Amino acid sequence: MVGSRIEYIDLAKGFCICFVVMFHIMGTIPVIGTPITSFRMPLYFFLSGVFFKSYENFGGFLKRKINKLLIPYIFFQVILGYLYPYIMFYVFGRECPNSHFSNMWFFLVCKGVGGPVWFLWCLFVMNIIFYLVYMIGKRYSHFSPIFILLLGSIGFLFGYYGISLPRNIDSALTAMPFFYIGYVLFRQTNMFQTNTTGISI
């Protein structure tokens with residue numbers, strides 16, 4: 001496994017990208033948008049769980065997640081939320097809605113995390129929470145699925161009743177079971193052990 005690519009995982013990632021594009025193009029059509037909505041993000045978080053690694057300690061883990069998730073998130077939020085509206089206005093003479101400094105204020109201090117890169121922040125939060133569950137599970141392994149189910153249920157109930165937690169934490173909690181399933185299937189079964197070729201993941 002180490003040092004090779006799993007071909008059908010790469011295909012699944014490609015399908016995720018296609019589903020995201022399809023949703024944003026045809027998401028308003030119920031017969032298309034509803035199935036894609038119920039499938040694309042669970043699949044994405046499932047695949048993210050497949051590749052979870054604890055690394056040498058929490059410091060090393062946090063450093064990698066900041067570099068891979070948090071820095072790209074901040075970069076694109078600044079570009080999309082602050083610089084892009086001004087470029088559109090001064091270069092093309094078009095004013096984008098919700099531009100100006102309110103976007104940066106929203107990005108820095110408000111409870112929501114919007115924009116097309118919201119999932120990077122959500123995945124960052126999920127990884128931090130899951131790392132804590134992982135560490136608990138190393139000592140009390142039978143508690144891990146209970147914690148994950150509890151966290152997922154809390155997130156689902158918040159979403160069901162329209163309650164938004166700060167910084168999309170409710171979305172991260174809701175997606176936690178999919179992340180956990182990917183993590184468990186990768187390590188406890190041999191379903192990812194075949195059809196491998198190529199270079200390192």
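**A surface patch and the cores of a predicted model**

Let me begin at the surface, where F156, L157, Y160, Y161 and I163 form a nonpolar patch whose accessible area comes to about 600 Å² together. Please keep in mind throughout that this is a predicted model.

One member of that patch, Y161, sits in the loop that runs between α6, residues 144–160, and α7, residues 169–188. Is Y161 buried or exposed? Its relative accessible area is 59%, and because exposed means over 50%, Y161 counts as exposed.

Now compare D170, which has its place in helix α7. Its relative accessibility is 12%, and since buried means under 20%, D170 counts as buried. If we leave out residues up to four places away in sequence, D170 touches G155, F158, I163, S164 and L165, and I163 is also one of the residues in the surface patch I started with.

Let me turn to the interior. The largest nonpolar core has 29 residues, and those that touch the most other members are F45, F52, M126 and F130. Which elements give two or more residues to this core? They are α2 (30–50), α3 (58–92), α5 (118–139), α6 and α7, and α5 gives the most, with twelve residues.

If we follow F52 and set aside its neighbours within four places in sequence, we find it in contact with F61, N127, F130, Y131, Y134, F179, Y183 and R187. Finally, there is a second, separate core of nine residues, and among them are I9, L43, L47 and F186.

Key: Residues are numbered from 1 along each chain as its sequence is written. This is a predicted model: local features need pLDDT of at least 70, side-chain atom pairs count only at pLDDT 80 or more; totals for chains, interfaces and linings use all residues. Side-chain values use heavy atoms; hydrogens and water are left out. Patches are made of residues with over 30% relative accessible area and no salt bridge: like charges are joined within 9 Å, nonpolar side chains (Val, Leu, Ile, Met, Phe, Trp, Tyr) within 5 Å. Accessible areas come from the Shrake-Rupley method with a 1.4 Å probe; for residues, only the protein chains shown count as cover. A salt bridge is a side-chain nitrogen of Lys or Arg within 4 Å of a carboxyl oxygen of Asp or Glu. Helices (H or I, at least four residues) and strands (E, at least two) are DSSP runs, numbered from the N terminus. Buried means under 20% relative accessible area, exposed over 50%, partly exposed in between (1.4 Å probe, protein chains only). A nonpolar core is a set of buried Ala, Val, Leu, Ile, Met, Phe, Trp, Tyr and Cys residues joined through side-chain atoms within 4.5 Å. Contact means heavy atoms within 4.5 Å.
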